[in-house]
Amino acid sequence: LTYTFVDSLGCGGSATATIVVNNCGPIPCTVAPYQPIKIYGPQKVLCGATNITYTCPLDTNASTYEWLVPSTVTIVSQNGNSIVVNFSTSYTNGLIQVRAVNDCGASDWRKQPVQKSSIQINKIKGHRIVCPNELVQDYRIDGFAGATSYVWSVTGGALITYNGNQATVDYTNATSRNGRIYVTVTSLCETKTRSEEHTSEL
């Protein structure tokens with residue numbers, strides 16, 4: 001460290017000193033972290049659901065997180081406040097749990113109930129009557145945590161493309177005014193199909 005001084009008459013001088021700064025390490029904690037406020041992730045999963053993610057908000061006072069899952073659930077990977085899990089086909093219901101930890105202690109466990117569900121396609125969302133100036137239409141169904149595939153099809157000569165629980169139908173070259181849209185959802189344990197009629201005003 002060098003200090004230089006010049007007075008109003010132009011006289012000056014300088015001085016140099018050496019200061020040693022020690023690395024004292026991380027600041028120690030004073031209290032245990034708070035309980036995580038929420039676990040984010042699906043509360044219903046299909047039979048044999050895989051690669052399902054659960055997370056909780058980060059707490060700057062926490063140094064790590066501990067997760068607990070039922071015996072029929074396997075933690076595939078963990079990255080602090082986030083885990084990826086697989087549910088076995090024998091899973092029925094249980095709790096996903098997490099707590100925050102530091103050198104001063106651990107928080108209370110935050111618990112998230114998760115139930116096994118079956119495939120129930122309540123509705124195909126989208127226009128059932130298609131006007132001549134709107135021949136390209138989007139359709140979707142609610143997604144299912146643990147679905148292994150979604151397969152869409154359409155009758156009446158229209159063209160359909162799809163990605164997961166969403167599909168796009170182009171009625172430009174449809175050969176019939178009336179037709180049906182089908183979607184089939186599959187999990188490791190079951191398959192369900194739903195269809196709905198559509199009309200194109202060609």
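Is Glu196 buried, exposed or partly exposed? The tour of this predicted model returns to that residue at its last stop; the route begins with the cysteines.

**First stop: the disulfide**

Select Cys47 and Cys189. A disulfide joins these two residues, with an S to S distance of 1.8 Å. A search of the whole structure finds one disulfide. The link connects distant parts of the chain, since its two ends are 142 residues apart. To place Cys47, display the loop between β3 (44-46) and β4 (52-55). To place Cys189, display the loop between β16 (178-186) and β17 (191-200).

Next, show the surface around each end. Cys47 is buried, at a relative accessible area of 5%. Cys189, at 44% relative accessibility, is partly exposed.

**Second stop: two further cysteines**

Select Cys56, and then Cys131. Cys56 has a relative accessible area of 2% and is buried. Cys131 counts as partly exposed, with 32% relative accessibility.

**Third stop: the salt bridges around Asp142**

Side chains of opposite charge can pair when their charged atoms come close. The structure holds five salt bridges, and the remaining stops visit several of them.

Select Asp142 together with Lys125. Their closest N and O atoms are 2.8 Å apart, and the two residues form a salt bridge. This pair also links distant parts of the chain, with the two positions 17 residues apart in numbering. Asp142 lies in the loop between β12 (136-140) and β13 (149-154), while Lys125 lies in the loop between β10 (110-117) and β11 (129-130).

Keep Asp142 selected and add Arg140. The side chains of Asp142 and Arg140 meet in a salt bridge at 3.9 Å, N to O.

With the surface shown, examine the three residues in turn. Asp142 is partly exposed, at a relative accessible area of 39%. Lys125 is partly exposed at 32% relative accessibility, and Arg140 is partly exposed at 34%.

**Last stop: Glu196 and Arg194**

Select Glu196 and Arg194. These residues form a salt bridge, their closest N and O atoms lying 3.2 Å apart. The opening question can now be settled: Glu196 is buried, because its relative accessible area is 10%, under the 20% cut-off. Its partner Arg194 counts as partly exposed, at 28% relative accessibility.

For a final view, select Lys125, Arg140 and Asp142 once more: salt bridges that share partners join these residues into one network.

Note on methods: Residues numbered from 1 in each chain as written. Predicted model: local features only at pLDDT ≥ 70, side-chain atom pairs only at ≥ 80, totals over all residues. Heavy atoms only, no water. Disulfide = S-S within 2.5 Å. Helix = DSSP H or I, 4+ residues; strand = E, 2+ residues; numbered from the N terminus. Buried < 20%, exposed > 50% of the residue type's maximum accessible area, 1.4 Å probe, protein only. Salt bridge = Lys/Arg side-chain N within 4 Å of Asp/Glu carboxyl O.
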